[in-house]
Amino acid sequence: MNAPEPKPVTFVPRGAAGELARRLRRAVAGDVLFDRASRGRYSTDASIYQVEPVGVLVPRSDADVRAAFDVCRTLQVPLLPRGAGSSQCGQTVGAALVVDHSKYLNHVVTFDRDARTVTVEPGIVLDALNAWLKPHGLRFPVDVSTSAQCTLGGMTGNNSCGSRSIAYGNMVHNVLAVDAMLADGTEVRFGPESEMNEAVPRVRELLQRLKALGARERDEIERRVPKVMRRVGGYNIDLCCPQSERPYTDDGSVNYAHLLVGSEGTLAWTRAVTLRLAPPPQHRVLGVVNFPTLYKAMDSARHIVRLGPSAVELVDRTMIDLARGNPAFRPVIERALIGEPDAILLVEFIGDAVDAPARALGDLVALMGDLGLPGSVVQMTDAGAQKALWEVRKAGLNIMMSMKGDGKPVSFIEDCAVPLEHLADYVDRLTAVFRKHGTRGTWYAHASVGTLHVRPILDMRRDGAMKMRAIAEEASAMVREYKGAYSGEHGDGLVRSEWVGWQFGPRLTRAFEQIKDLFDPAGLMNPGKIVRGTRMDDATLFRFGPDHHPIPLDTALDWSAWDVHNDPITDTLSAPGTGGDPAHGFAKAVEMCNNNGHCRKFDAGTMCPSYRATRDEQHLTRGRANTLRLALSGQLGPDALASPAVREAFDLCVSCKGCRRECPTGVDMAKMKIEFLHHWQRAHGLSAKDRLVAHLPRWAPWAARAPWLLNARNAIRGLAVLGERTLGLSARRSLPAWRRDTFLRDAIAQSGECAMEGDVVLFVDTFTNYFEPENAHAALAVLRATGCRVHIARAAAGDPDPARPLCCGRTFLAAGLVDEAKREAHRVVEALAPQVERGAAVVGIEPSCLLTLRDEFLVLGVGAAAQRLAERAFLIEEFLAREHRAGRLRLALAALPEKRALLHGHCHQKAFDAMGATREVLGFVPGLAVDVVESSCCGMAGSFGYEAAHFDVSMRMAELSLLPAVRAADPATLIVADGTSCRHQIADGTMTTGRRDAVHVVRVLARAIDAEGAGPGVWLK
Ligand SMILES: Cc1cc2nc3c(=O)[nH]c(=O)nc-3n(C[C@H](O)[C@H](O)[C@H](O)COP(=O)(O)OP(=O)(O)OC[C@H]3O[C@@H](n4cnc5c(N)ncnc54)[C@H](O)[C@@H]3O)c2cc1C
Ligand code: SF4
Ligand code: SF4
C-alpha cells in the first residue's frame, strides 16, 4: 500500500498558548497547567508517540469545560479530551488543549436500579463505578484489563472491549446515551432515534445529513465494514445497518450515541454517558484446555465458542514458562497444566444457576475428546483457583513488558481481529513474518473473538520504524484476505488512522471525513485521529525516535543492570553496563515506564500513595518517570535534572517502594528519587532541616545523653512553633521522644560481652535504639525464647567510630547524601561480614532500615560482601516464619486477652513481600484472629509527614483507609504496625477520636511468651 504524505498533526496559531492560558485562568476554576513539565507529562500515553500539548486543563466542573470550549473556539486551538491516557494507539496525544476529566469529573449522576441503568461523568474509573454498584447487585460488564484506571469517557471514546466481550459485547453494545457538547457549543443528548430532540436546528441538521449519508453509502458499508464483532476502527457508520456479528441494539433500532462510541474524542465532548448494567453471574467455572501446539489451540477456538463460553483466553508457551519461573505463580500454573503443553486456553462458563456452567464444562471435556484431545481439560470450579489463574495471565503480560534494553514489545497490530476459522493460519503466518524480520512476538488474550494480542519486539531508535511498517503491511494483507478487522480493540489514534482508508476504502474514508466535518467543521476536536491522520511511522512523533539521546551523567547509584541490549530472538541480555547509555543505565531504567498507567490505581496495594491522595498526574509514578525522562533527554532545557520542575514532581513521593513491586515494568521511583536528590543537593545544597534529619544517626548519641532537652519541644508549644518557623517541622506534630535508656546501652550493660558467634545477629536500627528500645528488648526476648544465641550487631573493632551504633544510612539516602550512606553501609557490611560468612542470619525490626540492607546496599558500590549480607538479612518475622516452615522453630506462646489483631503493613514490608510472614507469626499466638488493613502508605514515611509543608497530604494519605479502619476497630483489638512512622501516624491520627497505640509484632509475641501458661522456648536444629 502507498503511505500518505506526512501532514502536520495540527496547526496552532503562534502565540495562542500564552493567550489561551491567560483567558483560561480567568474563566475556569480548575487547574490550568501550561508549564513545560506539565505539558511534557501530558505528551504521551501508552503508545509509542509523543506530541506536546498546547496546555492542560483539569476542569472542576462542566462549566469549566464549556468555558474552555468558548476560549478555544475564539483562539482556534484544538481540544483533546482525556481520561487515564491508557490508550495504546496515540489517541490522547496531540498539539491541543488536553482536558483531563479524571481528577474531578468522576461522579455517578443518576442511577435507576429497576431499569438497570446508570449515568456517569466521563472521568469515573470502571472499578470505582463497579465498587459503587456492588451493593446494588449490579455492575458494568465491559471488563477491560485496565479496569483499575480506565475511565468511562475513555472507554466510550475507544469503544473498549473486555475479555468477556463474547458474552457482554463491546462498549457500543452497552452505551445507551451520551450527553455531549459539540465544538460549536451545542449540547446534544445522543440516544435512541426516537428520543433525539429534532426541535433543535443543529440536531435536526445532523440527523438529516447522517441519514442521507447512511442511505447513500449503504452498499459500500455492507461491502467494506468487516463483519466481526471486534471492529473498532473508523466511525460506527454502520449504525443504521450494523455489520457486527452482534447488533448494536437489542431490537435493531438506531441509537445515535453509537456514532460517538469509538470516535476518540474527534466528534464531540462527552459530558455524561448512560450505561446498561448487568447483574454479576452467580456461578463461574473454568476449563483449562492443554494443547500440544499453538496451531491446534487456535484451530479449536471456533469449536469451543459454540459451547457458549463467557471467555476463551489464550496463554502461550512463553507465558507458561514465565509463570513457571516465578515462585509465586509456579504452583498456580502447574495446577492448570497437563504435561508440557505448547498453549492453554482458559475457557470460562458463567450462569445464574450452578448446573448450566457445570454442564457446559462437561460438554467442553467431551468436545476436546471429539477433537482428538481426550484428557486435556483441567476443570476448575473453585473461585480462588480461578482467580489465581487469571492473575497469572495478567502477570505474564507484565513480565513480558518488563523487558530491559532498547528493544520493546511494540503495539501496532496487537488487536487485529480475524474470523475464528482463520485464526490458526493467521497466527502461523504472522509468526513466520516476525521471524523474517528478525524478531518474535508472544501471543495472548481473546481467542473467543479472534482478537489475539501480539507485540513484536522492535527498537524504535534504530530500525524499528522500518520493520513496523513492513510487518504492518504483511499483517494487513492477511487481515484483508481473511476479511477481518485491522483494529479489533484498541482503536486508530496515530498508529492506525493511516490504515482507515486501507480498511474501509476511499468512499467510506470520504464519508468519515464528512461525518467529522458535520460535527466539527472547524476541526477543533482531537485532530489527526481517525480521519486525516499522519503516517504511523512518522519518526518526528515518536517518544523514542532516532533523535532521542539521553544526556551524559555520572550517577551516584549503580544502574548498570539496566544498561544492556536485548536480543529479541534469543531473549538474551548483554552484560550489565554494555547498553551504551551515557547516563550509565539511569536513563534506561527511567525509560522502562511505558506509560500504561497502571500506577493510577486505587485498589489493593500501595502504589501510588501521592496519586491516591492528590489525583495529580505530576504526583504519580508515571508523571515522575516522564518528568525524569524529559529531563534526562534535554527536553526540559539544560541541567534540568536538578531543576525545580523535577523537584516538584518528587515532592510528594514518599519513597514507599510500592512501584518497585507493583509497576508492571518494575519502575523503582524510590531509588530514582535518591539519585535525583543526590544531584539536587550537589547543585543547591541542603536545607537546615534536611541536614539535621540526615545526620540524626551521627548526633543521636549526644541527644540521648540529655533527652529532656530535645523532648521539651513536644511539651512547650512555643518551641514547636519555633521549630516550624526555623526548620519546617510541623507544630501540629509531636516528634518521637528521645530516650536515655537506649537499647544498646542497656543490652550491652546487661549481657556484658556479646556472644560473638551467635546464630542470629540482631541489627538494632537508630530509631528503635533511641526512641523505642522496648521493641528491641522484645525482639531479643523472642529470639532468646526460641533458644538461639543472639549477637547484637555493633561496629567492627577497626571502625573509626567504634562506639557509635551501626546504621543503615536511610536518613542519608532520604536526603540524597549517597556518599554518607555509602560510609554507613561500609561500616555495616564490614561489621557483620564475619557472622555472615559463618552463615548467621542478620535479623532486624524496623522494615525500612533492615530492608535497606537488601535493597539500596546493592547499588551503593559496597562490593560483593553486600550481596552476601543481603542474602542473610531478614525481618524478624521473616526469620521466624522461615524457621517455622523448616520445622526448626519451637516457641511456646500462650493466648492473650485480645482475640483480634488489626495489621497495617509498612510499605517496604509489602514491597518485599514480607506481609505473609507477619501474618504467619501473629498466627502463632493461640486464638488470635488477624485482619489486614487494605492500606497504602500511612503517609508519615520517614520525615515526610513531620514536615509542615506535607502535613495535610500526609493526613490525607492516612485517611484514605488506614485511620478509618483503626478508628472502626473494637477497643479490644490489638493494632499492629511494624513501622516506627506508621505507629506514630496512627497515634497522631487518632488523638482526637480516641487514641489508639499500635505495637510492633515482636511486642505481641513477647507478651504471648510472658503470658501465663507459656512454656520455655526450645530451639531445634
Ligand atoms: C496494559 C493495557 C491493557 C489494555 N487492555 C485493554 C482491554 O482489555 N480492552 C480494551 O478495549 N482496551 C484496553 N487497553 C486500552 C485502553 O486502556 C482502553 O481503551 C481504555 O478504555 C481507555 O481508557 P482511558 O480512560 O485511559 O481513556 P483515554 O486513553 O484517556 O482516552 C481514550 C479516548 O477517549 C477520548 N475521550 C476520553 N474522554 C472523553 C470525553 N469526555 N469526551 C470525548 N472523548 C473522550 C480520548 O480523546 C481518547 O481518544 C489497554 C491498554 C493498556 C495500556
Ligand atoms: S510507572 Fe509503571 S505502572 Fe506507572 S505508567 Fe509507568 S510502567 Fe506503568
Ligand atoms: S515510591 Fe511510592 S510514592 Fe514514590 S512513585 Fe513509587 S509508589 Fe509513588
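**Ligand shells, two helices and a buried serine**

Mentor: In this predicted model, helix 21 (621–632) and helix 24 (669–684) each supply at least two residues of the shell around ligand 3.

Trainee: Which of the 13 residues around ligand 3 come nearest?

Mentor: Cys608, Arg624, Cys653, Cys656 and Cys659 come nearest among the 13 residues around ligand 3, and a residue belongs to that group if one of its heavy atoms lies within 4 Å of the ligand. By class, the shell around ligand 3 has 9 nonpolar, 2 polar and 2 charged residues, where Cys counts as nonpolar and Arg as charged.

Trainee: How do the residues of the shell around ligand 2 divide by class?

Mentor: The shell around ligand 2 has 4 nonpolar, 7 polar and 1 charged residues. Among its members are Asn594, Asn595, Asn596, Gly597, His598 and Arg622, together with Cys593, Cys599 and Cys663; Gly is counted as polar by the convention used here.

Trainee: What ranks do the spaces taken by ligand 2 and ligand 3 have among the cavities?

Mentor: The space taken by ligand 2 is the largest cavity, and the space taken by ligand 3 is the second largest.

Trainee: How do you know that the span of helix 16 agrees with its number of residues?

Mentor: Helix 16 (residues 464–481) has 18 residues, which at 1.5 Å a residue should span 26 Å, and because its end C-alpha atoms are 26 Å apart, the two values agree. Just after helix 16, Lys483 takes a positive phi of about 55 degrees.

Trainee: Against which elements do the buried residues of helix 16 pack?

Mentor: They pack against helix 15 (423–436), strand 17 (457–458) and helix 18 (500–519); the buried residues of helix 16 include Met468, Ile471, Ala472, Ala475 and Val479, and also Lys467 and Arg469.

Trainee: What makes helix 42 (residues 1001–1010) mostly covered?

Mentor: Of the 10 residues of helix 42, 7 are buried, among them Val1001, Val1002, Leu1005 and Ile1009. The buried residues of helix 42 pack against helix 31 (773–785), helix 36 (876–885), helix 38 (915–922) and strand 26 (974–977).

Trainee: Why is Ser163 called buried?

Mentor: The relative accessible area of Ser163 is 10%, and the word buried applies under 20%, so Ser163 meets the criterion. Ser163 is placed in the loop between helix 5 (152–158) and helix 6 (165–168).

Trainee: Which residues does Ser163 touch, not counting residues up to four places away in sequence?

Mentor: With that exclusion, Ser163 touches Asp143, Ser310, Ala311, Glu313, Arg393, His446 and Ser448.

How values were computed. Residues are numbered from 1 along each chain as its sequence is written. Chains are lettered from A and ligands numbered from 1 in the order in which they are written. This is a predicted model: local features need pLDDT of at least 70, side-chain atom pairs count only at pLDDT 80 or more; totals for chains, interfaces and linings use all residues. Side-chain values use heavy atoms; hydrogens and water are left out. Helices (H or I, at least four residues) and strands (E, at least two) are DSSP runs, numbered from the N terminus. The expected span of a helix is 1.5 Å times one less than its number of residues. Buried means under 20% relative accessible area, exposed over 50%, partly exposed in between (1.4 Å probe, protein chains only). Contact means heavy atoms within 4.5 Å. On a 1 Å grid over the protein atoms alone, a cavity is a set of points where a 1.4 Å probe fits but cannot get out, and a pocket is an open set with protein on both sides within 12 Å along at least five of seven lines; lining residues have an atom within 4 Å of a point. A molecule sits in a cavity or pocket if more than half of its atoms lie within 2 Å of its grid points.
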